[in-house]
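Biologist: I am new to this structure and would love a close look at its interior. Could you walk me through what is packed inside, and what sits around it?

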Amino acid sequence: MPLHQPLHQPAAGPPPPRAGGKRSFAHRSLDSHWDKKLKAGSIAPDYTLDLHDHFVDAAYERLDRGMRQARAMEARLVLVITGRPRPVEAADRANKRGVIRAKILDWLAAGDHADSIAAVRKAHRKHGGEGALYIVLRRNR
């Protein structure tokens, strides 16, 4: 028995990153049918979230609410409009343009919806191109 026992348990802190992490969204494989249709822009999104021109906190909350709604609707393809990526220094990510695009993969990987995401791909030009992403959701089983 130790001589000194802590009076309280230390705070748990943030949860560890989920297996797979943000990079894996872009590298998760889809069957060739899905990838070809996404690259051609021939699949219409089931749900669209426009985060462009939102402040960071509002964009994060909108993303979370929108993903909940898309999942409740059993959407398979979500189009997220983020705005075009811009070079953003790590220290400036809180208040510069391009912040949402710089943070969205982190938000998706750390959020409640990570396990529901099959893949994330750049949107076709007719759906926003560099300023948008497709989020492919897994089927509800």
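Modeller: Happy to! One term will help us from the start: a residue is called buried when its relative accessible area is under 20%, and exposed when that area is over 50%. Please keep in mind that this is a predicted model.

Let's begin with Arg-121, which belongs to strand 3, residues 117-122. Its relative accessible area is 15%, so Arg-121 counts as buried. The Arg-121 side chain has a partner too: a polar contact of 3.1 Å joins it to the side chain of Asp-35.

Strand 3 also takes us into the nonpolar interior. In soluble globular proteins, nonpolar side chains tend to be buried together. Here the largest nonpolar core holds 19 residues, and Leu-63, Val-78, Val-80 and Ile-135 have the most contacts inside it. At least two residues of this core come from each of strand 1 (47-50), helix 3, strand 2 (77-81), helix 4, strand 3 and strand 4 (132-137). A separate, second core has twelve residues, including Leu-30, Ala-118, Ala-123 and Tyr-134.

Val-78 is a good place to pause. Setting aside neighbours within four places in sequence, Val-78 is in contact with Tyr-47, Leu-49, Met-67, Ala-70, Leu-133, Tyr-134, Ile-135 and Leu-137.

Next, the empty space. There is one cavity of 30 Å³ or more, and the volume of the largest cavity is about 80 Å³. Its lining is made up of Tyr-60, Leu-63, Asp-64, Met-67, Trp-107, Leu-108, Gly-111, Asp-112 and His-113. Helix 3 (56-72) and helix 4 (99-110) are the elements that give two or more residues to this lining, and helix 3 gives the most, with four. By type, the lining residues are five nonpolar, two polar and two charged. You may recognise Leu-63 from the list of residues with the most contacts in the largest core, and Met-67 as a contact of Val-78.

Finally, let's step out to two loops. Most residues other than glycine have a negative phi. Asp-53, in the loop between strand 1 and helix 3, has a positive phi near 70 degrees. With a relative accessible area of 70%, Asp-53 is exposed. Glu-74 lies in the loop between helix 3 and strand 2, and its phi is positive as well, near 60 degrees. Glu-74 has a relative accessibility of 57%, so it counts as exposed.

Conventions
Residues are numbered from 1 along each chain as its sequence is written. Side-chain values use heavy atoms; hydrogens and water are left out. On a 1 Å grid over the protein atoms alone, a cavity is a set of points where a 1.4 Å probe fits but cannot get out, and a pocket is an open set with protein on both sides within 12 Å along at least five of seven lines; lining residues have an atom within 4 Å of a point. Grid points are joined across faces, edges and corners, and a volume is the space filled by probe spheres set on the points. Ala, Val, Leu, Ile, Met, Phe, Trp, Tyr, Cys and Pro count as nonpolar, Asp, Glu, Lys and Arg as charged, and the others, Gly among them, as polar. Buried means under 20% relative accessible area, exposed over 50%, partly exposed in between (1.4 Å probe, protein chains only). A polar contact is a pair of N or O atoms within 3.5 Å; within protein, one must be able to donate a hydrogen and the other to accept it, and residues adjacent in sequence count only if both atoms are side-chain atoms. A nonpolar core is a set of buried Ala, Val, Leu, Ile, Met, Phe, Trp, Tyr and Cys residues joined through side-chain atoms within 4.5 Å. Contact means heavy atoms within 4.5 Å.
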